[in-house]
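User: I would be grateful for a close look at a single helix in this model and at what surrounds it. Please continue from there to other parts that help to place it.

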Amino acid sequence: MRRGAWASRDFRLLLVGRGLSSVGDSVVSVALPFAVLDLTGSVKDLGLVLAARMLPLALFVLVGGVWADRLSRRVVMLTSDAVRCAAQVGSAALVLASTTHIWQLAALQFLYGTGTAFFMPAAVAVVPQTVAGKDIQHANSLLSVAENVSSVGGPALAGAVVVAIGAGWGLMVDAASFAASVALLAPMHLKPIGVPPRRSVVAELRAGWRSFASRTWLAASVPSFMVVNALGFSPLLVLGPVIAKDSLGGASAWAIILVAMGAGSLLGGVIGSRWAPRYPLRATLSFALIGAPALLTLLAVAAPVPLLALAALATGTATALFNLTWFTVLHRRIPADELSRVSSWDSLGSFVATPLGLALTGPIAIALGVEETLYLAAAVFVLATAANLAFPSVRNLDDGAEPERA
């Protein structure tokens with residue numbers, strides 16, 4: 001039986017390294033919120049720290065993409081993981097010492113997010129340098145499986161560590177995952193690639209914007225994603241741990257909810273690999289209306305953990321299913337020579353307002369109440385998604401495989 005991408009030593013190193021990085025990212029989703037809540041108990045402080053971690057993705061992801069094309073991707077990834085390791089060692093030391101100020105933790109998380117912003121474009125683009133062309137699809141499939149498994153195992157590990165020995169040690173586990181990733185990525189020998197003609201960064205960004213804005217279905221969808229991420233998912237990330245700490249039993253309850261969401265991601269990946277609706281965005285956006293609004297509403301009333309886990313499972317399934325469909329649509333509809341530039345604008349538009357949403361969730365919850373803020377987030381999620389579906393170019397986009405020129 002052909003081993004495909006797994007036969008490549010360099011790909012195996014990449015797969016395990018990226019898997020460990022994904023575990024680290026998942027560990028942070030439990031360890032960091034409870035580290036902040038244990039230090040100050042302030043929902044406002046938690047929003048600010050999470051915003052500081054997310055802000056570099058909005059600021060640097062476009063630049064990270066340019067650097068990944070101009071420099072050695074292996075070096076970019078190694079440097080990014082080393083930066084994230086150092087940031088989490090510093091964060092863990094501050095939390096364990098119990099002498100930290102929130103601004104110090106926010107600054108270290110900003111450094112962590114900067115490493116992530118440069119790692120992501122390089123990690124995506126490096127895959128063809130580790131396997132033969134015929135094995136790229138197999139390689140992407142294995143990477144997707146590793147990421148989804150990490151989204152289950154990471155929160156479970158973090159929950160156990162945080163409950164047993166504290167959030168500071170959870171951050172130290174995260175740091176260790178990046179140190180292990182560095183050790184695995186360092187021996188890789190990548191196939192050389194042709195260097196594209198140099199253009200100014202401004203010229204490349206301008207060309208990508210023209211290609212992005214010329215497609216109605218794309219330009220209509222991304223503002224909806226921006227609103228959903230900033231005002232729908234941000235309250236979930238900030239207020240979910242608060243509800244868990246105050247009403248559900250603490251970090252273990254939040255870990256169970258995140259593990260269920262990760263399991264939903266695995267299920268969504270399985271469904272997405274077999275399901276091909278005629279109108280993909282209509283189908284998956286309609287499914288998305290079920291999961292996250294239900295989870296937000298149930299959190300608002302501090303529903304029992306098993307019921308929250310069921311809603312989280314639906315949320316993870318819907319999110320993974322939509323993401324698979326969205327990227328498939330991009331790959332089919334956008335010509336290969338435009339895809340990188342278009343996808344960078346898609347990423348920027350989708351997440352540019354998320355740091356602001358995270359930072360404002362705390363003050364809004366203080367002003368309106370935690371329960372009311374979660375209800376408002378559920379309503380925003382439904383309205384923004386319904387508004388996206390109202391565009392005929394989105395609702396009636398079929399599953400055609402022909403690329404469309406701008």
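The request concerns helix α14: which of its residues are buried, and what covers them?

Analyst: The account below begins with helix α14 and then turns to aromatic pairs, single residues and another helix. The model is a predicted one.

Helix α14 runs over residues 370–389 and has 20 residues. From its first C-alpha to its last it reaches 29 Å, close to the 28 Å expected at 1.5 Å a residue. Its buried residues are Thr373, Leu374, Ala377, Ala378, Val380, Phe381, Ala384, Thr385, Asn388 and Leu389. Viewed down the axis of α14, these buried residues fall within an arc of 165 degrees, so they line one face of the helix. The spacing in the list can be read against a general rule: an α-helix has 3.6 residues a turn, so residues three or four places apart point the same way. The cover over the buried residues of α14 includes α8 (216–248), α10, α13 (354–368) and α15 (392–395).

One of the buried residues of α14, Phe381, also takes part in an aromatic pair. The ring centres of Phe233 and Phe381 are 5.5 Å apart and their planes stand at 80 degrees, so the pair is edge-to-face; the cut-off for that class is over 60 degrees. Phe233 belongs to helix α8 and Phe381 to helix α14, so that distant parts of the chain, 148 residues apart, are linked by this pair. Both Phe233 and Phe381 are buried.

The whole structure holds 10 aromatic pairs. Another of these joins Phe60 and Phe110: with ring centres 6.3 Å apart and planes at 80 degrees, the pair is edge-to-face. It too links distant parts of the chain, with Phe60 in helix α2 (residues 43–70) and Phe110 in helix α4 (residues 102–125), 50 residues apart. Phe60 counts as partly exposed at 26% relative accessibility, and Phe110 is partly exposed as well, at 29%. In addition, Trp217, Phe225, Phe322 and Trp326 form one aromatic cluster.

Helix α10, which is among the elements covering α14, contains Ile290. Ile290 has a relative accessible area of 51% and is therefore exposed, the cut-off being over 50%. Its C-alpha atom is separated by 34 Å from that of Ile136, 154 residues away along the chain. The loop between α10 (280–300) and α11 (305–333) holds Ala302. Ala302 has a positive phi of about 50 degrees although it is not a glycine. For comparison, most residues other than glycine have a negative phi. Ala302 counts as partly exposed, at 29% relative accessibility.

A buried polar residue is found in helix α3 (residues 73–97), namely Ser91, with a relative accessible area of 0%. The side chain of Ser91 makes a polar contact with the side chain of Gln109 at 3.0 Å. Leaving aside residues up to four places away in sequence, Ser91 touches Leu105, Leu108, Gln109 and Leu171.

Helix α1 offers a further case for the span calculation. Its 31 residues (9–39) should span 45 Å at 1.5 Å a residue, and the end C-alpha atoms are 44 Å apart, which agrees. There is nevertheless a bend of about 35 degrees at Val28. Helix α1 is mostly covered, with 22 of its 31 residues buried. Gly41, whose phi is positive and near 70 degrees, follows α1.

Notes
Residues numbered from 1 in each chain as written. Heavy atoms only, no water. Helix = DSSP H or I, 4+ residues; strand = E, 2+ residues; numbered from the N terminus. Expected span 1.5 Å × (residues − 1). Bend = angle between axes of the 7 residues up to and from the residue. Buried < 20%, exposed > 50% of the residue type's maximum accessible area, 1.4 Å probe, protein only. Polar contact = N/O pair within 3.5 Å; in protein donor to acceptor, adjacent residues only side chain to side chain. Contact = heavy atoms within 4.5 Å. Arc of directions from axis to C-beta. Phe/Tyr/Trp six-rings, centres within 6.5 Å; stacked < 30°, edge-to-face > 60°.
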